[in-house]
Amino acid sequence: MPIRINLDVMMAKRKISLNELAEKVGITQANLSILKNEKAKAIRFSTLEKLCEVLECQPGDILEHKVD
Amino acid sequence: MKKIRNLSAKTIYGFLSIALGMCFANLAASIGLLIYSLIYKMQLPSITELPVLMRINNHTFLQDINQTAIVSRIQGSLLLVSSSTGIKLFTSIYQIVLIISTGLCLWIMRKIIWTVIQGEPFVPQNGKRIKVLAMIVIFVPLILQVSAYFVTKNVITQLNFIDTTLDAELMGRSTLIVCIFSGLLLFVISEVFRIGTSLKEEQELTV
């Protein structure tokens with residue numbers, strides 16, 4: 001898929017674990033794993049908003065469009 | 001409520017398993033009988049009754065005080081006891097195809113019920129299974145009935161009856177129509193299933 005998820009990069013920058021991020025965002029660890037491993041088919045605006053809030057970043061820092 | 005639903009699904013699964021077992025036994029018996037009759041060249045009563053329409057040349061009058069009925073056509077079936085290899089083969093293959101297709105339908109339904117018991121009926125395989133079921137329901141009766149019609153037509157031309165003319169009829173036209181509509185309905189259900197499963201997958205993978 002040409003949309004890449006840079007969640008692991010942002011997590012490393014903010015020094016936050018998957019467990020902690022899932023708890024703060026309010027989604028399950030399993031769902032966050034699906035997103036991190038680029039298995040997700042869609043992302044809700046509410047989830048994206050919470051991720052940006054917790055990671056103090058812009059949606060563009062998490063999502064990236066890459067042409068193969 | 002869930003327990004009752006599971007119990008009924010398990011009961012259906014059990015019945016389907018029994019029916020499938022009977023199908024296998026019937027298939028083995030049919031194949032065995034065909035091989036035996038071919039090896040020992042014995043006369044085999046045709047398992048399939050061939051549909052015929054009998055036209056009576058000299059009309060028969062049935063009369064009572066108030067009314068008269070003229071009998072000119074009688075519809076019935078012909079049970080042949082034939083030593084002809086062609087007829088034997090046809091009736092046996094007819095029977096075997098019928099049993100195999102019934103067995104296949106039962107097998108598919110059993111698989112679908114199993115997914116219901118497992119609590120995961122909305123899987124892409126079930127859509128494909130229903131599509132196969134639809135194809136069997138439409139094409140198998142159609143092919144069998146049309147082939148039976150042509151065989152009957154061929155057989156009755158060789159038979160001589162006084163005062164009557166025999167004519168072949170396409171048997172069970174209303175049954176065929178029901179089969180075709182049921183098959184089309186199953187096609188629609190399989191498409192709904194396919195879209196449903198893809199929506200479910202998408203919903204599950206939405207974070």
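Colleague: Buried means under 20% relative accessible area, and exposed means over 50%. Is Ala148(B) buried or exposed?

Modeller: This is a predicted model, so every value here is computed from it. Ala148(B) sits in helix 3 of chain B, residues 124-156. Its relative accessible area is 2%. The cut-off is 20%, so Ala148(B) is buried.

Colleague: How far apart are the C-alpha atoms of Ala148(B) and Lys10(B)?

Modeller: Along the chain, Ala148(B) and Lys10(B) are 138 residues apart. In space, their C-alpha atoms are separated by 38 Å.

Colleague: What pattern does chain B follow along the sequence?

Modeller: Start with the parts. Chain B has four helices and five strands. Read in order, they give α-β-β-β-β-α-α-β-α.

Colleague: What percentage of the residues in chain B is buried?

Modeller: Chain B has 207 residues. Its buried residues make up 34%.

Colleague: Which residues form the nonpolar patch on the surface?

Modeller: Ile31(B) is in helix 1 of chain B, residues 2-39. Ile31(B) is partly exposed, at 35% relative accessible area. Patch members need over 30%, and together this patch has about 530 Å² of accessible area. Its members are Ile31(B), Ile35(B), Tyr36(B), Ile39(B) and Tyr40(B).

Colleague: Turn to chain A. How is helix 2 of chain A oriented to helix 3 of chain A?

Modeller: Helix 2 covers residues 18-25 of chain A, and helix 3 covers residues 29-36. They pack at an angle of about 110 degrees, with their axes 9 Å apart. Angles of 65 to 115 degrees count as roughly perpendicular, so helix 2 of chain A is, relative to helix 3 of chain A, roughly perpendicular.

Colleague: Is the crossing of helix 2 and helix 3 of chain A left-handed or right-handed?

Modeller: The angle alone leaves the hand open. For helix 2 and helix 3 of chain A, the crossing is right-handed.

Colleague: Which residue in the loop between helix 4 and helix 5 of chain A has an unusual phi?

Modeller: Most residues other than glycine have a negative phi. Here a residue other than glycine has phi near 50 degrees, a positive value. At 64% relative accessible area, this residue is exposed. It is Glu56(A).

Colleague: What is phi of Glu38(A)?

Modeller: Glu38(A) lies in the loop between helix 3 and helix 4 of chain A. Glu38(A) is partly exposed, at 32%. Although Glu38(A) is not a glycine, its phi is positive, about 60 degrees.

Colleague: Which residue forms a salt bridge with Lys24(A)?

Modeller: Lys24(A) is exposed, at 51%. Its partner also lies in helix 2 of chain A, four residues apart, about one turn of the helix. The closest N and O atoms are 3.3 Å apart. The partner is Glu20(A).

Colleague: How many residues apart in sequence are the parts that Lys200(B) and Glu120(B) tie together?

Modeller: The side chains of Lys200(B) and Glu120(B) meet in a salt bridge, 3.3 Å from N to O. Lys200(B) is in helix 4 of chain B, while Glu120(B) is in the loop between helix 2 and helix 3, so the pair ties together parts whose separation in sequence is 80 residues.

Colleague: Where does Glu191(B) lie?

Modeller: Glu191(B) and Lys131(B) meet in a salt bridge, 3.3 Å from N to O. The pair links distant parts of the chain, 60 residues apart. Lys131(B) is in helix 3 of chain B, and Glu191(B) is in helix 4 of chain B.

Colleague: Which residues do salt bridges that share partners join into one network?

Modeller: Over all chains there are seven salt bridges. Some share partners, joining Glu120(B), Lys200(B) and Glu204(B).

Methods: Residues numbered from 1 in each chain as written. Chains lettered and ligands numbered in written order. Predicted model: local features only at pLDDT ≥ 70, side-chain atom pairs only at ≥ 80, totals over all residues. Heavy atoms only, no water. Patch = residues over 30% accessible without salt bridge, like charges linked within 9 Å, V, L, I, M, F, W, Y side chains within 5 Å. Areas by Shrake-Rupley, 256 points an atom, 1.4 Å probe, with all protein chains shown as cover. Salt bridge = Lys/Arg side-chain N within 4 Å of Asp/Glu carboxyl O. Helix = DSSP H or I, 4+ residues; strand = E, 2+ residues; numbered from the N terminus. Buried < 20%, exposed > 50% of the residue type's maximum accessible area, 1.4 Å probe, protein only. Axes fitted to C-alpha atoms, helices over the stretch in contact; angles between N-to-C directions. Parallel < 35°, antiparallel > 145°, perpendicular 65-115°, else oblique. Left-handed = near helix turned anticlockwise from the far one by under 90°.
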